[in-house]
Amino acid sequence: MKRLLIMRRCEPIVRFTCCSVRYGECRRNHAASTGGYAIDGCREFIAEGEESTSGALKCAACGCHRSFHRRVQVYEVAWDYGSDTSSTE
């Protein structure tokens with residue numbers, strides 16, 4: 001007689017939610033007009049003014065617009081294994 005054995009494996013449900021966005025190093029090519037390649041070395045975007053002003057989009061370190069800086073999205077990971085009611089204590 002053959003038996004059928006069914007095994008269940010509890011796999012996590014992974015949810016990614018975007019928590020925040022930050023801007024990294026500047027990627028503006030300052031020598032593009034001469035046909036060369038040179039970046040200024042600005043390591044991180046630092047807003048020149050307060051939020052919701054025109055200064056919030058300009059970098060205080062290099063003077064470039066925020067769009068020249070590398071955009072980094074920081075994600076929050078949530079693992080859900082479900083409820084395990086079969087444990088005996």
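**Exercise 1. Find the contacts of Ile-46.** Leaving aside neighbours within four places in sequence, which residues is Ile-46 in contact with?

*Solution.* Start by skipping the neighbours within four places in sequence; Ile-46 is then in contact with Lys-58, Cys-59 and Ala-60. Keep in mind as you work that you're looking at a predicted model. Next, place the residue: Ile-46 is found in the loop between E1 and E2. Now check its cover. Its relative accessibility is 46%, so Ile-46 counts as partly exposed. Finally, try a distance: the C-alpha atoms of Ile-46 and Gly-24 are separated by 9.4 Å, and the two residues are 22 apart along the chain.

**Exercise 2. Get an overview of the chain.** How many helices and strands does the chain have, and what share of its residues is buried?

*Solution.* Step one is to count: there are 0 helices and 2 strands. Strand E1 covers 13–26 and strand E2 covers 69–80, with a loop between them. Step two is burial: of the 89 residues in the chain, 13% are buried. Step three is the surface, which comes to about 7,900 Å², with 51% of that belonging to carbon and sulfur atoms. Step four is to see how contacts span the sequence. Take the contacts between residues at least 6 apart in sequence: 53% of them join residues at least 24 apart.

**Exercise 3. Look for disulfides.** How many disulfides does the structure hold?

*Solution.* First, recall that a disulfide is a covalent bond between the sulfur atoms of two cysteines. The structure holds 0 of them. Take Cys-59, which is in no disulfide: its nearest cysteine sulfur belongs to Cys-62 and is 3.7 Å away. The cut-off for a disulfide is 2.5 Å, so that pair doesn't make it. Do the same for Cys-62: the nearest cysteine sulfur is that of Cys-64, 3.6 Å away, and Cys-62 is in no disulfide either. As for cover, Cys-59 is buried, with a relative accessible area of 1%.

**Exercise 4. Explore the core.** Which residues make up the largest nonpolar core?

*Solution.* List the members: the largest core has 6 residues, namely Tyr-23, Cys-26, Cys-42, Phe-45, Cys-59 and Cys-64. Then zoom in on Cys-64. Not counting residues up to four places away in sequence, Cys-64 touches Cys-26, Arg-28, His-30, Leu-57, Lys-58, Cys-59 and His-69. Now for the rings: searching the whole structure gives 1 aromatic pair. The ring centres of Tyr-23 and Phe-45 are 5.9 Å apart and their planes are at 70°, so this pair is edge-to-face. Tyr-23 lies in strand E1 while Phe-45 is in the loop between E1 and E2, so the pair ties together parts that are 22 residues apart in sequence. Both Tyr-23 and Phe-45 are buried.

**Exercise 5. Work with two arginines.** Which ring does the charged end of Arg-28 sit over, and what is Arg-27 in contact with beyond four places in sequence?

*Solution.* Begin with Arg-28: its charged end sits over the ring of Phe-68, 5.3 Å from the ring centre. Move on to Arg-27, which is found in the loop between E1 and E2. With neighbours within four places left aside, Arg-27 is in contact with Ile-39, Phe-68 and Arg-70. So Phe-68 turns up in both steps. To finish, compare positions: Arg-27 and Ala-38 are 11 residues apart in sequence, and their C-alpha atoms are 9.3 Å apart.

**Exercise 6. Check two loop residues.** Is Ser-52 buried or exposed, and where is Gly-63?

*Solution.* Ser-52 is found in the loop between E1 and E2. At 73% relative accessibility, Ser-52 counts as exposed. Now look at its backbone. Most residues other than glycine have a negative phi. Ser-52 isn't a glycine, yet it has a positive phi of about 70°. Gly-63 is also placed in the loop between strand E1 and strand E2. Its relative accessibility is 34%, so Gly-63 counts as partly exposed. Gly-63 and Ala-47 are 16 residues apart in sequence and 9.6 Å apart from C-alpha to C-alpha.

Technical notes:
Residues are numbered from 1 along each chain as its sequence is written. This is a predicted model: local features need pLDDT of at least 70, side-chain atom pairs count only at pLDDT 80 or more; totals for chains, interfaces and linings use all residues. Side-chain values use heavy atoms; hydrogens and water are left out. Helices (H or I, at least four residues) and strands (E, at least two) are DSSP runs, numbered from the N terminus. Buried means under 20% relative accessible area, exposed over 50%, partly exposed in between (1.4 Å probe, protein chains only). Contact means heavy atoms within 4.5 Å. Accessible areas come from the Shrake-Rupley method with a 1.4 Å probe; for residues, only the protein chains shown count as cover. A nonpolar core is a set of buried Ala, Val, Leu, Ile, Met, Phe, Trp, Tyr and Cys residues joined through side-chain atoms within 4.5 Å. Rings of Phe, Tyr and Trp (its six-membered ring) pair if their centres lie within 6.5 Å; planes under 30 degrees apart count as stacked, over 60 as edge-to-face and the rest as tilted. A charge sits over a ring if NZ of Lys or CZ of Arg is within 6 Å of the ring centre and within 35 degrees of the ring normal.
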